[in-house]
Amino acid sequence: MILIANVGVLALYLLVLWLGSAIVGSYLSQRKGYGEKPGLASGLLLSVVGALAWLLVPAKAESDWRVVGPFPWQRSEG
């Protein structure tokens, strides 16, 4: 009985990690100017690797990543 419970907890943790990767991928791709859907797809299909891959993708010139910064609550100096 304990073995089944341990597998269930592991499955729950992996599910949270998978969904978190989709959220992070969607956020990063949207901030970089590509829209939410490519990041969501890569986060769901490739899990953590897909979300981290968006850190390597260059941001478009007119994107929020370049204009405002990686985080919307950052203050722009100047």
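Contact here means heavy atoms within 4.5 Å.

**View 1. The whole chain, an all-helix predicted model.** This is a predicted model, where local features need pLDDT of at least 70, side-chain atom pairs count only at pLDDT 80 or more, and totals for chains, interfaces and linings use all residues. Residues are numbered from 1 along each chain as its sequence is written, and side-chain values use heavy atoms, with hydrogens and water left out. Four helices and zero strands make up the secondary structure, so read from the N terminus the order is α-α-α-α. Helices (H or I, at least four residues) and strands (E, at least two) are DSSP runs, numbered from the N terminus. Among contacts with a separation of 6 or more, 55% join residues 24 or more positions apart. Of the 78 residues, 22% count as buried, where buried is under 20% relative accessible area, exposed is over 50%, and partly exposed is in between (1.4 Å probe, protein chains only). The chain exposes about 5800 Å², and carbon and sulfur atoms supply 72% of that; the areas come from the Shrake-Rupley method with a 1.4 Å probe, and for residues only the protein chains shown count as cover.

**View 2. Two buried serines of helix H1.** Serine 29 sits in H1, which spans residues 2-31, and counts as buried because its relative accessibility is 0%. Leaving aside residues up to four places away in sequence, serine 29 touches Tyr34, Gly35, Glu36, Pro38, Gly39 and Trp54. Serine 21, also placed in H1, is buried at 5% relative accessibility. With the same sequence neighbours left out, serine 21 touches Gly43, Ser47, Val48 and Ala51. The side chain of serine 21 also reaches the backbone oxygen of leucine 17, at 2.9 Å.

**View 3. Helix H2, with its buried and exposed sides.** Which residues of H2 are buried? They are Gly39, Ser42 and Gly43. These cover an arc of only 100° around the axis, which puts them on the same side of H2; the arc is that of the directions from the helix axis to the C-beta atoms. Lys37 and Leu45 are exposed on the other side. After H2 comes serine 47, found in the loop between H2 (36-46) and H3 (48-53). Phi of serine 47 is near 55°, a positive value in a residue other than glycine.

**View 4. A nonpolar patch on the surface.** Ten names to click through: Leu12, Leu15, Val16, Trp18, Leu19, Leu40, Leu44, Leu45, Leu46 and Val49, with about 950 Å² of accessible area together. Patches take residues with over 30% relative accessible area and no salt bridge, joining like charges within 9 Å and nonpolar side chains (Val, Leu, Ile, Met, Phe, Trp, Tyr) within 5 Å. H1 gives the largest share, five residues, and H1 and H2 each supply at least two. One of the patch members, leucine 44, has its place in H2 and is partly exposed at 32% relative accessible area.

**View 5. The one salt bridge in the structure.** Arginine 31 and aspartate 64 meet through their side chains at 3.7 Å, N to O. Arginine 31 lies in H1 and aspartate 64 in H4 (residues 64-67), so the pair ties together parts that are 33 residues apart in sequence. The criterion is a side-chain nitrogen of Lys or Arg within 4 Å of a carboxyl oxygen of Asp or Glu. Buried or exposed? Arginine 31 is buried, with a relative accessible area of 6%, while aspartate 64 is partly exposed at 33%.

Technical notes. Polar contact = N/O pair within 3.5 Å; in protein donor to acceptor, adjacent residues only side chain to side chain.
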